[in-house]
Each structure stands twice: as structure tokens, then as C-alpha cells.
Amino acid sequence: MSAPNKSFDPVEVTTLSPEALAGFVSEAISAISAANSLEELKDVRLAHTGDRSPLSLANREIGALPPAAKAEAGKRMGESRGAVNAALAARTQELEALRDSALLIEEAVDVTTATGVRAQGGRHPITTIQEQIADVFVALGYQLAEGPEIESEWLNFDALNIAPDHPARTMQDTFFIGSEDSGIVLRTHTSPVQIRSMLNRELPIYVICPGRVFRTDELDSTHSPVFHQVEGLVIDKGITMADLKGTLNHFAQSMFGEGIVTRLRPSYFPFTEPSAEVDLQCFVCRGTSVDNPDAPCRTCRSEGWIEWGGCGMVNPKVLVATGIDPEIYSGFAFGMGLERTLMFRHGITDMRDMVEGDVRFTRAFGLGV
Amino acid sequence: MKVPVSWLREFVEIPESLSGREVSELLLNVGFEVEGVDTVGDVRGPLVVGLVKSIEELTDFKKPIRWCQVEVGAAHGNDATPGIRGIVCGARNFAEGDLVVVALPGTTLPGDFTIATRETYGHISDGMICSVRELGIGDEHDGILILPAGSAAPGDNAFPILGLGDEVLDISVTPDRGYALSMRGMAREAAISQRVSFNDPGVVLADLPEAGGTVIPAASDDYQACDLLVLRTLGNYNPAAPTPDFIKARLAAVGVRSISLAVDLTNYVMFELGQPLHAFDADKITGTIRARWAKSGETLETLDGVQRNLTTEDLVIADDARVLSLAGVMGGAYSEISETTTRVVLEAAHFNPVEIARMSRRHKLSSEASRRLERGVDRMLPPVASARFAELLIEHGGATFEGTSGVEQAPDPIVISFDPNLPGQVAGHSYDAVNVETILVSLGCAVDTTNSVWTVRTPSWRPDLAAAIDLVEEVIRIDGYEKVPTTLPTAPAGRGLTELQKLQRRAGLHLAGRGLVEVRNYPFVGTAEFDALGIPADDSRRHAVQLANALSDEQPLMRTTLLPGLAGALARNISRGFTDVALFEISSVSLLSADQSATGVTNPPRPSVLQRPTAADIDALEALLPQQPLHLGALLTGALKPTALGAKPTPATWSDAIDIALALGIELGVEIEVTAGNLAPWHPGRCAALSINGELMGYAGELAPKALENLGLPKRAVALELNLSVLLAAANTVASAPAIWTFPVAKEDIALVVKADVAATDVLDVVCAAAGELLEDIRLFDVYEGAQVPEGHKSLAFALRFRAQDRTLAAEEVAAARQAGVDAAAKSFGATLR
């Protein structure tokens, strides 16, 4: 550093001349843009803005200038340093972005190796279809009713107008507990839950009851000694068969899609009168496959309708057996097989798949049907 | 029931244009499901009646051959010989002047065999004279089918004569419609379905010749069981008389084998009218034919060759010497119609349906007769049906009519008061009164509409119509269910699922979310499974509900634990090549109390169904049943979670089984307490007893090696089973929000050396209590046994987290709290800081 020299004009300090400063700046800027890494840029920063850089050295000369020249030189110096610093900041940002993106590329993985970590749990479709059906009726204001699987014969048969010697009792091949005279059976249908509801609940009654039931059929591709039904029961003032039909249509649409309807065919059940079989309009072909050999339907075997369940108006004898006055109250009941419903809805071809507990079967349904 | 459409047509007009399928549709609308439509015979083409004009025996060949000239009608001859065809035939059982069936060229016989004009044995054979076998309508003989003389004219279409091409409907009849198990009943329904008239064969008494002979007397000892017994006696029956082909064809179509004329006619009339009939060899009868109760010790060999021991609950038909038949169920061998029978007595009776049903059930014997009688047969039908039989036996069997006998107690007519508005109230739309009346009359009801409440007398063939609601059903059924409108009833505002129902769903979702797969096993178990699990003889789980009629002798019990079913399902998955399997089941089990018998009681309550049972009745019914709580079971082998790439598989351990239970508890807001447990089939050293507020509710851990070996399951498989009903009942559905303090945390770890048999949770509890309220959290993070600690000891490492509500903790405060915990552990368990 040279000593202050008061006799010199500032313009004579060559390093502070506009030309010289412009030269320093342009050297710095070209060095900055030539830096190809953050490390190189660090060296450049030292060389061009450090204590021994030309700009810093020139800056020291300002103190020795006459006061009149200081302001001008200072201003010039500030502008020069600003330009260099701005270039440095810009290049730093550029190089940092380059470094970051290079890192991301380096860290790339084969995302397809993420297989094998998916959840393996699942709920049985019989469980989840029960929930789905319950939700349809709960939304209508129904309650979900339950009852025991080992049931008294009185609730399973007698109270449902199935007298001890009624041919209907032999229709249902019943598992008896102990002996045929014990009065205890494995319930053959969910209908005893109707009786429990009528005995225990306050009127009016709107209940939906899914559950496990039993008949002495050997297991094969379409039969199982243990299977599931869902049963609906309504007891209220002025309930009609039109209410039954409307409810079944609502149920069908909730499960199978807009516009799907049901059809009733006269039938016989001791606990309902009138009684009917419920057919479901085929939700796949909607009837278009009937008499149309070019477009056969596997779901309904080109019949347009699928047998779904049974229903009817609660027989007054059943109301009497539970102490409900049939002059004031009437009701309807309906019931469907859940295995059957799953089979035609999901294309399950073998009953045994629902029984054996193969993890592949249940996993296919995830957490809900 | 099989119903040939041609048979129906005898009693109801069905347009020829209607196919069997269309008739089925009509019947479906009135409640008869047709399960199939079959066509009799597989014959197509010109099949006509021929008259054999001349036969020339050809003798130049190895076997005798006939060259026949057959008149086949003007329309079917050929140009050279109008109305006549020359046909070569090898059979010999026909003569000139016989009526035969001729398959003209172009006819296709069963086996896809098409007849063509061809030269054979030196002649042009211009068709074929057919045998029953060739036509595919029977196989009893090889000879040519010869039609009764004069029964048809040459050239007539042979299809209707032979019943060929007839469509047979297979109709499923519900048990309330006994009357429909006959052509008469189905024809009535077919008529109603088309709104056409019906020609009822069940009300016309056949004109029988004057009686001439000895009559066998009839009697009924109990009119409650048999209120009508009609006997018709016929003599001079030719036991060799053949059954007419049309009757054979019809019986074949309904699935009944031809036996002999008399027996065939009982079946024929039963299918025609619905009345079961029984024919006895009259010469085998001694004295009176009587309906009576069997005496104890009596036996009967029935027609199926079974020797049956009778009880006083068996209603029988007997004569003065012996029991002849099981009334309405099956005849006896002694008095059956045989090849030498020349005198026939026919029984037609009306029995109490309940008695028939009971006998049929008791003897495990269901016959065409019992099937009808237990459903209820027209009380007025026996005289009509027996006269019809007599008429046919006289016509086709050469029999003479000897006379009628019978006894009866007239029934009370069924009269129903019927409000014609009732069908509308039930259906939800109104029915015109005239329409209602028309429907009731079409069923056979006599309707008196004088008053606003009608008086309806139901027909004798509809014993199922006994109350107004029965008539309502008929009106709605016949008018058509499709005409009932649709409305949606409004239920009172609901509250959705109950808390327990919601929690049960959550439990299932939680477990599936953790990677377990739900199964739904059969509830049947056997002692062999209890043995395999190593369940001790006195364990209450062996006190299981027992089935009277189990499908398998190996599994006659109802499960008391879910583990056998889970073990079976796991074994199936293993055998199908899976190694990492985690199964769970949520199902009820049945638990008998010590004083409940596995086989139930002997005299169960049977409250009247004519009124609501009393509270005591309901309690008595409930007392019959075992407790049926919901259980949750899980069984795991291999890794619960999929193994990450390159990582070592981490099989589920005893700890995972316990953790599944604890995590479910946390999900449901229940704190489950873990203590060392010991229950088969768990490993006695790796079994946790699970409790809630001190109440034991389940077990979890590793299964005992021996049990796994017995069950054929992989080593180290783990399981849990708990009473989900108890867990759900304890669930806290309204969680309390925790206080969230935000002052800095202070973390401290301590390792305490204790004796190996000290439970870690006990140490944790003591440290936790002693460390005071500054301790925010404490967690066991390591257990060490080995060289660094004394023999018989273990080191338990706990991570402690301290925080104050209102300040940053001073180091001294934390140290003091920590030391308090260590001191307490030392005091309680002799623990030393490691």
C-alpha cells in the first residue's frame, strides 16, 4: 500500500480510473461465468472479491484521495463491486441448481422394485357384503338386528307358523342339537331374528338381519351346510305389498345399479302370506340377452332375471304368536342368500372358495366388496 | 311334478299355438315355477298310421323277410300305387289288417336315423314299419307297435296318437298346493292363468254298470284320522291284460314305471285327479277292510320289501286277519296285485294330513301317495277317483263291477267371512269387487256377496284356504303380483348401527389393515381336534354342544374355540404353497355352562303360538341355548409383513401375537393387561394371558410344539384368541384429548438388571409410578441376557421421556426423577443399574 499522497489528482491513481475498474469487473465476470463448479466459484470469489483482489486493492486507494475526489471514486467502486457480487450470486444459484439436480439423478432408483410391499390383509366378502347391505337399510332408518346361531326350535319354526308336522319343516333339512326332541337347532334361516325382533323391540319395527345359517347339505360347488342370509322385516301400521315391492327395488338399485328392478312370483312360505319369490332383473344384460342368441348372458343364462330370494307379507299368525295385533299392524319380510348374491355379482363359480379360507380368495376383495 | 301338456289339454283349452315355454310363463305368473320343458321322443318328419293290406313272405334269404303293402292314406302314397307303400320288414308279430306306425321317407328316428327309399331284398322299400323301441318310446319288446283296431285311420298323423312331440313341463309345486299335484289341479291353474274355462274331471262320477257281486265291507275306527273310506270291488279281472299304450306313454312321461294294468290305473288316476288309490288282491282279504291304529308289536312288509315294526301311532289299513298297508304311505306285500289276481278291491280314502306326514317321517318313507296326502287331498274326491278307476279297469281289463262300500263322517264346510276390501289393504291398491268375486269363483269358491262382508265357502280341493288372508293371497296372486304398485315406507328416524356393531367392524378393518386375512370357517369340531391341540380332558372347552345329525362323525360338536377352524384353514394354505400366512376369524362360539347338557334337554318348552309367550316362557326358551359370545382368533406363520428387498424375512413371533391383541385394544380404546399365562394349545413359556380390568379375556403367544406337530403346522406358528364381546363392551368410544405440553423434553435411558423371571411390565409399572408426574413416557427398548449380566438375570433397557407442564426442566429435577425410578425398581425387584 502506498502512503497517502495529497499532491496527486485522483484521476492519476490509475487503479481507480473508470477504465481500470471496468477491466477488473469484466475480468471478474468472465472468471465467474467460467467457473463450472461451486468449488471453482469459491476460488473465483476469493480472487476477485478477496482482500488481495484488484478491486479491494483499488478500494484502499480511495482513502488517500482528496475529499473532492472520494465521492466519485467511491461511487464507481460501489457499482463495480455490486456488478461482481450480482454475477457471483447468479452463478452460485445456477451451480447450486446444477448440483442439486445432479444429486437427484444420482439418487434415482428403479421404482418398479417397490413391489411386494403392498398390504396383504383382507376381509371376507361375506363379512363386507353384510355390511354393505346393512348400510343400505341403515340409511333408510332400519336397525341392524342379530340373533344366536344355535336357536330354539320354537323361534326357528313354531313361531314362524311352521308346525311340527308341517311339510315345510322337512323342506329344510335341519341340524338338531342332541336329539330331534331337544327343541334346539342350528337356525335354518335368519327368520328367528324376526321373531326376536317382534318379541323384544318396540313397534314400529324396521330391521335388517344378516347372519350365518345351517342346513344339512353336503358341501359342493353350489351347496354348503353353512351359509349366510340377509333378512329384512318391517312391522308398522298400514304396511302393504306395494311397500315390499318398493323396498326390494330400492335394495336392488343400491346393490346393482340405477334402474334395476325386481319381480315377484307367487310362492309359499309358512311365515308370509301372500308369499313370493324375488327375481332380480339381470344387472349385466338388463334383459337384452333374452331370445338373442347373438348376445348371450352368462350371469342370467339369457333369462333376463336372476332368482334372488323370497319374501311376503308377514303372516297374521306370526304376529299373533309374538303378541302383535294383526288388526292394527301389518308387515313384510324378505330374505336372500348372500353366497348366491356374491356368486352372481362377482362371478364366483365355486361355493368352496368361500369356505376354504384360501388367502388368494379373500385378498382379492381387499377391505370391502 | 311332470305334466304332459297334452294331458292338461283334456281339461282346459290351451291354444295349439302356445309352446310349452309359453304355457310355463303363464303358470309362472300364478306361482308355479316350471323348471324345465322336455319333448317326448326324438322323432321328426312324416310319421303316419298304416294299415297292413297284404304280406308276402320272402324265403330266399338267411332270415325270413316280409314284403308288405301298407295303406298310408291318399296324401302319403306314391304315384304308382296311390295311398299304398311297399315296405320290407323283418319283424313277424303283425298280421294283415293290423294298424301300424309307418315312418315315411324323410322321417328321422332317435339316434338321428333318417328313413329313405332304398332297394333291399330285391324290392324298393318305401318307408319303415316301426317298433316301440325304434320310436324311442319304450324298450319292453322288439316287435312292431300295433295300434288297437279301429283306433285310427290310415294316413293319420301318428305323433299325437303316440304322445310323441308332446311337451312335458317339470313343475315345482310348493307344499301348500297339494291339489296341484295332479293334471286336474294344474289344468285348473292353467285355466285361471289364461282366464278360460275349466272342465273339472274331479266332480263327475263315472257311470258304472249295475253292481253284481259280493262287496267287501269298509270301516274306520277313528274318523279323526280317516273320515272317508271307499271300496270298489271288481271281479273277472284279466291279470294279463296289457296297459294301453297311451296310458303307458303318459305314465312314462310323468316318470312312473308300468307294472300291471290294475297298478298302472291306480297311478294313472292319481296323476289325473290327485287322489292316491290302492288296489288289493280281493281274494287275499279276510272280512272287513278297516282303517285303524296299529297295535304295538304288529309288523308289515311293505311293497319295497322292508319289514316294518308298527307302533300305536301308525295308521293302517287292515282286514280281520292282518295289517294290509301303511295308510296313505305304502301298500303291503301280502295283498299286492299279482299275475294271478282276478279280483280287485280298490281303496280310496281321505286321511288326516298330519298323521300321514308323521308316518312318512317316522318311517323315512315318502311315496307319491304320502306326498299328496300330507299336503291335503280333496275330501270329495275318493268316490269320483275310485269310480274312474273302476271304469278304466272294466274297459281295459275286462273286469266286472261287483259293488261299492264305504264309511264316512261328513266334514264341516269351511266358511270364511271376507271383507272384499282386504286384498286392496294388503296389496296397497284397490281391487274391483267384481274382479275379486270372479277370482274367488274361478278357484271354486261359492261367494255370497249379499252383505258388505262376504261369506265365502271354499272348495273341497283347497284345504289350504282356511282364513281371510288365504283368500287375499289368492286374489292378489290371480290378479297378478305385477299389478301391485311400488312405494317406499318411511321408517322412523334411525340412529344407525349400535356402538358394538360399529366397533366390530372397526376390529375387522384394523386386523385386515395390519395384514391379516379374514376367514369364515365351519363351526363343526370333533374331539380329535381337541386332542391335537392338547386340550386337557377336564378343560371346559371340551364341554361342547353336540349335534344329533352331524354331517361327519368326526365333527359332531359345535366349536368352543376358533383355533381348530383356523388351524384347518392355515394347513390348507400351507398345502397350497404359501409360507407367510396370517389368518383371523371373528365368529361366535358356543359355551355351555357346567349345568347345561351337551345334548340339550328332553322336554323343551313349546309355548302356544296362539298368543305372545309369557316372560317366563321366553326365559325358558333362552335357557335352552348356550352362551354364544363373539370370539376373535388369529393364527400366523411366517412373515406378517412382506419382506423388503434384500432384507431377511422376519417371521411373526409370540410377541407379534400379543401385539396384535394390544394394538387392537389401543384401536378400541381399551387397555389390555398382559401377564404370563398357561393354556393349551399355547407354549407354556410363551403364552400371555390377556385381561381387561383384571377380567381374563384371552390368550396370545406361540403355540406349543407338540400341538403344531399334531396339526401339521409349521414350527413356531403363533396365535391369539380372545372374547371379542368382552373387548368390545369395554371399548371407550369417546377418547379424552391428551394435554400437549410444549416445554423441552429430557430423555434418559436406564438399564436395570433383574432376575430372569421378573416380568418386564412389572418393572416398568414400578419405575413409572416412582418417576412421578414429570415422566411423560416410558418404553422398554431392549432385553439382554448373556455374558454381561450375572447368570439367571436379564437386563431391561427403558427409554424415559420427561417433560414439565410449565417450565424447562432442570437437570437436577430429571436426575432425581430418574433415580426415584431406579430406587423403586431396586427396592421391589432387587434391580441394579447396569
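What follows is a short walk through a predicted model with chains A and B, beginning at their interface and ending with the salt bridges.

Let me start with the interface, whose size, in work of this kind, is often given as the accessible area lost when the parts come together. Here the area buried between chain A and chain B is about 8300 Å², and carbon and sulfur atoms give 58% of that area. Within the part that chain A buries against chain B, A:Trp154, A:Asp165 and A:Pro266 supply 8%, which is more than any other three residues. If we count residues instead, the contact takes 103 from chain A and 101 from chain B.

Turning to the polar side of this interface, the rule finds 42 residue pairs in polar contact across chain A and chain B, both partners being at pLDDT 80 or more. Looking at the side of chain A that touches chain B, helix H9 of chain A, residues 241-256, gives the most to it, with eight residues. That side of chain A divides into 44 nonpolar, 30 polar and 29 charged residues.

Between the two chains the count is seven salt bridges, and I would like to show you two examples. In one of them, the side chains of B:Arg606 and A:Asp158 meet at 3.0 Å, N to O. In another, the side chains of B:Arg576 and A:Asp358 meet at 2.8 Å, again N to O. B:Arg576 lies in the loop between helix H16 (563-575) and strand E31 (581-588) of chain B, while A:Asp358 lies in the loop between helix H12 (353-356) and helix H13 (359-363) of chain A, so this pair joins two chains. As for their surroundings, B:Arg576 counts as partly exposed, at 35% relative accessibility, whereas A:Asp358 is buried, with a relative accessible area of 8%.

Let me now move to the interior. The largest nonpolar core has 162 residues, and those touching the most other members are A:Phe334, B:Phe389, B:Leu393 and B:Leu440. Taking B:Leu393 as an example, and not counting residues up to four places away in sequence, we find that B:Leu393 touches B:Leu234, B:Tyr237, B:Leu261, B:Ala262, B:Leu265, B:Val344, B:Gly398 and B:Ala399. Apart from the largest core lies another, of 41 residues, whose members include A:Phe157, A:Ile195, A:Cys209 and A:Ile324.

A:Ile195 leads us to helix H8 of chain A, where A:Ile195 is one of the buried residues. Why do I describe helix H8 of chain A as largely enclosed by the rest of the structure? Nine of the ten residues of this helix, residues 191-200, are buried, and so the description follows.

Two buried positions in chain B deserve a closer look. B:Ile439 lies in helix H12 of chain B, residues 433-443, and is buried, with a relative accessible area of 1%. Leaving aside neighbours within four places in sequence, B:Ile439 is in contact with B:Arg195, B:Glu474, B:Val475, B:Ile478 and B:Asp479. The other position, B:Glu402, is in strand E24 of chain B, residues 400-408, and B:Glu402 is also buried, with a relative accessible area of 13%. What does the side chain of B:Glu402 make a polar contact with? The partner is the side chain of B:Arg343, at 2.8 Å. Among the residues that B:Glu402 touches, beyond those up to four places away in sequence, are B:Gly212, B:Thr214, B:Thr233 and B:Leu234.

I will finish with salt bridges over the whole model, of which the structure holds 63 over all chains. One of them, within chain B, brings together the side chains of B:Arg379 and B:Asp227, at 3.2 Å, N to O. B:Arg379 lies in the loop between helix H9 (368-373) and helix H10 (381-397) of chain B, and B:Asp227 in strand E15 (residues 226-235) of chain B, so the pair ties together parts that are 152 residues apart in sequence. Both B:Arg379 and B:Asp227 are buried. By contrast, A:Arg99 forms a salt bridge with A:Asp100, the closest N and O atoms being 3.1 Å apart, in which A:Arg99 is partly exposed at 48% relative accessible area and A:Asp100 is partly exposed at 38%. Finally, there is a network of salt bridges in chain B, which links B:Asp176, B:Arg177, B:Glu189, B:Arg462, B:Asp464, B:Glu474 and B:Arg477; B:Glu474 is also one of the residues in contact with B:Ile439.

Notes: Residues numbered from 1 in each chain as written. Chains lettered and ligands numbered in written order. Predicted model: local features only at pLDDT ≥ 70, side-chain atom pairs only at ≥ 80, totals over all residues. Heavy atoms only, no water. Contact = heavy atoms within 4.5 Å. Buried area = accessible area lost by both parts, 1.4 Å probe. Salt bridge = Lys/Arg side-chain N within 4 Å of Asp/Glu carboxyl O. Polar contact = N/O pair within 3.5 Å; in protein donor to acceptor, adjacent residues only side chain to side chain. Helix = DSSP H or I, 4+ residues; strand = E, 2+ residues; numbered from the N terminus. Nonpolar A, V, L, I, M, F, W, Y, C, P; charged D, E, K, R; others polar. Core = buried A, V, L, I, M, F, W, Y, C linked by side-chain atoms within 4.5 Å. Buried < 20%, exposed > 50% of the residue type's maximum accessible area, 1.4 Å probe, protein only.
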